[in-house]
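Reader: I would like a close look at the charged side chains in this model. Please go through their pairings, and then the local backbone details that go with them.

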Amino acid sequence: MASENLPTQAPVVVIGGGVMGCSTLYHLARAGVTDAILLERKQLTSGTTWHSAAQVRALRSTQNLTDLIRYSISLYSELEAETGQATGWINKGSLSIACNPERVVHVRRQEALAHLFGVEANWISAGEARERWPLMNADDVLGAVWSPDDGRVSPSDLCAALVKGAKARGARIFEDTPVTGIATEGGRVRAVETARGTIRCDAVALCTGLWSRATAAMAGVDVPVWPCEHFYLLTKPVEGIRGNMPTLSDHDSHLYIRDDSGGLLVGCFEPMGKAIDPAALGEDFAFGLLDEDWDHFEPMLMNAMHRLPVLESAEIRMLLNGPESFTPDGSFLLGESAETRGFYLGCGMNSVGVATGGGAGMALAHNIVEGQLPYDMHEADPKRYPGCWNNVKHLAERVPEALGKHYEITFPGRQYVTARDLARGPLHEEWLAAGAHFGQFYGYERPLYFGKSAEPVLTFGRPDWFDRVGEEVRAATESAAIFDLSTFGKIRVTGADAETFLNRVCANDMARPPGRAIYTSMLNQNGGIESDLTALRLGDADYRLYVGTTAIKRDLAWLRRHLATNEQVELSDETDTLAVLGLMGPRAGEIVAGLGAAELRELGYFRHAPASIDGVDVIAARLSYVGEAGWELTCRATDAAALYRALAARGVRPAGLFAQTSMRIEKRFLAYGHELDTDVDPLQAGLEFALGWDTPFIGRDALLDRRDNPPAKRIVSLVFDDTSAVPLGNEPVYAGGTIVGKTTSAAFGYRVGRPVALASIDAAHGAAGPAVTVDVGGQRYAAAVTMAAAFDPDGRRMRAR
């Protein structure tokens, strides 16, 4: 504690004494780092943890995020036996009600996900829901999903148990010890500075909640985290509350409800929250609350009185208003930072810190000790944010909406409306003039589709943009279309050792001669796919890597961290100085010939060459992410408008991301974050053709160990029988009554005239022919399985990034 002398050295310093910091310390000690220490600016739990409503609901959007919370549930129920300290774990389940047809589809999709992830969840009638919550007005309830394994915990008791377990293994905690600086050298953490002394260390785990952005800046790290006010109402004892009850989720009313000391706790994630500057809290803020704001809470209170008529006569104890930290996309940050080695983030918990803290602390400790997370969590990767998000104005605009989206229906095509236009591609004005409807990716505005006349009405059914996207696909299939790929990352790799370096970090053979395009992945030591990309070899010591839009920061960090000390290699980010237009379709050759580049028609697949198209200098690469013949044309960003005008004058129309995705899935081209991630290796993904077995690439030994063993999972194409099905991806795939896999990407396939999907399924069901069914929002749809592309007219085997 504060009176104990600080050590001058520790292997790991955890900063922050909330549930995330305590869990990380506990798991470090359990992993053998028994001399790790934790620094807390005030007292343990005094920031956000102490006032958390502490719901623990297992189901999340992915298997791995769900498994984090399932780990938490297991840990919270077992800690008392280990430490003798109760955690207050109460397992009474949760009830998610639906009050309109679209919410029914939403919760039925959640039910299907739960079955896929091995979480118990069942659809029940409105009458059964009322039996579980007798105080509820169920007149407008259409049904509910019952999840019996969910519960809640006492956050302060939980932290006490984690601390007791950590101390028993030798870890130490120092309260009233604010951090004043973080020393770095050569891009690595070296020490943590406090008013009581400096601690040399190899790693820092930042778990400082509300203060994470300011603390991370001491280490030169961007952390786009900002607090919002979070409200819940507490009543005095209410007639009808006896013992503990399930958590009641009424997301159409933006509410969560549970019992509390014989009364009611009614919390909300209102449609638009209230941001607060952490500086306004003051340096001494601890166990503090913000002022009640009844005007802001009143609409939620009216919703609550409709759902629970007993509230009209209940006595109010207080309206609790406590600050909690949020991120621009509503997902937390977990893992090593891009900017500083040895600086690990476990923050921005978006009001799920207590639920996730047990598993997230385990994962962060694993990352520190083992050098990687225990499984893929790209949704929480701190490197997913560009620098434009580490901006007070943008954060203060966005995080209130991120809070509100907690309980929104997750319609396909849903986009944020605040903090837009942070970054624009070189053809933004041209796309505006063409009626583009934009989506935001890595800060950039990218056209989703064209011909927008009004804001689309979002639905789980056939979307408003269906016909427009179909027209764009038809243009690319029957004539020619332009796909704007300018926001894809472009990383230049130069130097005498460029080939040697890339043959180590890339899994394909990068020693191809200049003029070649190379599709490759970058793997970790276990053979898991860290990234997939296309490289152009521009010269003997000169490559350009094209990576996904959201992978720019992550892939640059990966490359920099694998550079050997004496390697003569330079890495530079060319993303914003270059534009890339994909000219695709059967007329593409005629069009370039008419614009002075007829020689491109002789260019072989996965070759590139310089050309001049109507006076614009380009590098044309013969490859495709949609399957139709054409080129990806790279030019200076300042020349992009001239190139587009020349192509448009020849009758080429633009096509957006939705058309690209539909065509990608039909052609069985894989996408990172869908079919590919660090839990998938190239053998499972069917990418063995892109492995240079004779090169010493990272992950080679792991793949060699598995090469002769057929993978347990395969990626296949699904073609649905029913044209009215609207699969979205992440749906369970059944063979008979058994789940054999999940869809990873899905869309309507305009060229085959049916919905299509890619799916990761058990290898035994991967051969062509056997039919499966897919649970789409509670309804089963039949689909045929094939290892080949759903649409491949000439049998060409093309792969792009």
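Author: What follows covers the salt bridges, one buried acid without such a bridge, one helix, and two loop residues.

This is a predicted model, in which local features need pLDDT of at least 70 and side-chain atom pairs count only at pLDDT 80 or more, while totals for chains, interfaces and linings use all residues. Residues are numbered from 1 along each chain as its sequence is written, and side-chain values use heavy atoms, with hydrogens and water left out.

A salt bridge here is a side-chain nitrogen of Lys or Arg within 4 Å of a carboxyl oxygen of Asp or Glu. By this rule the count comes to 45 salt bridges. One of them joins Glu315 and Lys236, with 3.6 Å from N to O. Glu315 sits in the loop between helix H7 (294–307) and strand S18 (316–326), and Lys236 in the loop between strand S13 (226–235) and strand S14 (247–250), so the pair ties together parts that are 79 residues apart in sequence. Helices (H or I, at least four residues) and strands (E, at least two) are DSSP runs, numbered from the N terminus. Lys236 is partly exposed, its relative accessible area being 38%. For accessibility, buried means under 20% relative accessible area, exposed over 50%, and partly exposed in between (1.4 Å probe, protein chains only).

Lys274 and Asp293 form another salt bridge, at 2.6 Å from N to O. This pair links distant parts of the chain, 19 residues apart: Lys274 is in strand S17 (residues 274–275) and Asp293 in the loop between S17 and H7. Lys274 is partly exposed at 24% relative accessibility, whereas Asp293 is buried at 18%.

In the salt bridge of Arg707 with Glu688, the closest N and O atoms are 3.4 Å apart. Arg707 belongs to the loop between helix H18 (700–706) and strand S35 (713–720), and Glu688 to the loop between helix H17 (682–685) and H18; they too are 19 residues apart. Both are partly exposed, Arg707 at 39% relative accessibility and Glu688 at 36%. Elsewhere, salt bridges that share partners join Glu401, Lys405, Glu408 and Arg414 into one network.

Asp532, in strand S27 (residues 529–539), is buried yet has no salt bridge. The nearest side chain of opposite charge is that of Arg554, 6.6 Å away; in this count Lys and Arg are positive, Asp and Glu negative, and His and the chain ends are not counted. The side chain of Asp532 does make a polar contact of 2.9 Å with that of Tyr519. Such a contact is a pair of N or O atoms within 3.5 Å; within protein, one must be able to donate a hydrogen and the other to accept it, and residues adjacent in sequence count only if both atoms are side-chain atoms.

Helix H3 (residues 101–117) has charged residues among its buried ones, including Arg103, Arg109 and Glu111. Asn100 caps the N-terminal end of H3, with a side-chain oxygen 3.2 Å from the backbone nitrogen of Glu102. Just after H3, Gly118 has a positive phi of about 80 degrees.

Most residues other than glycine have a negative phi. Ser261, with phi near 50 degrees, lies in the loop between strand S15 (255–260) and strand S16 (263–268), and is exposed at 64% relative accessibility. Asp421 has a phi near 60 degrees.
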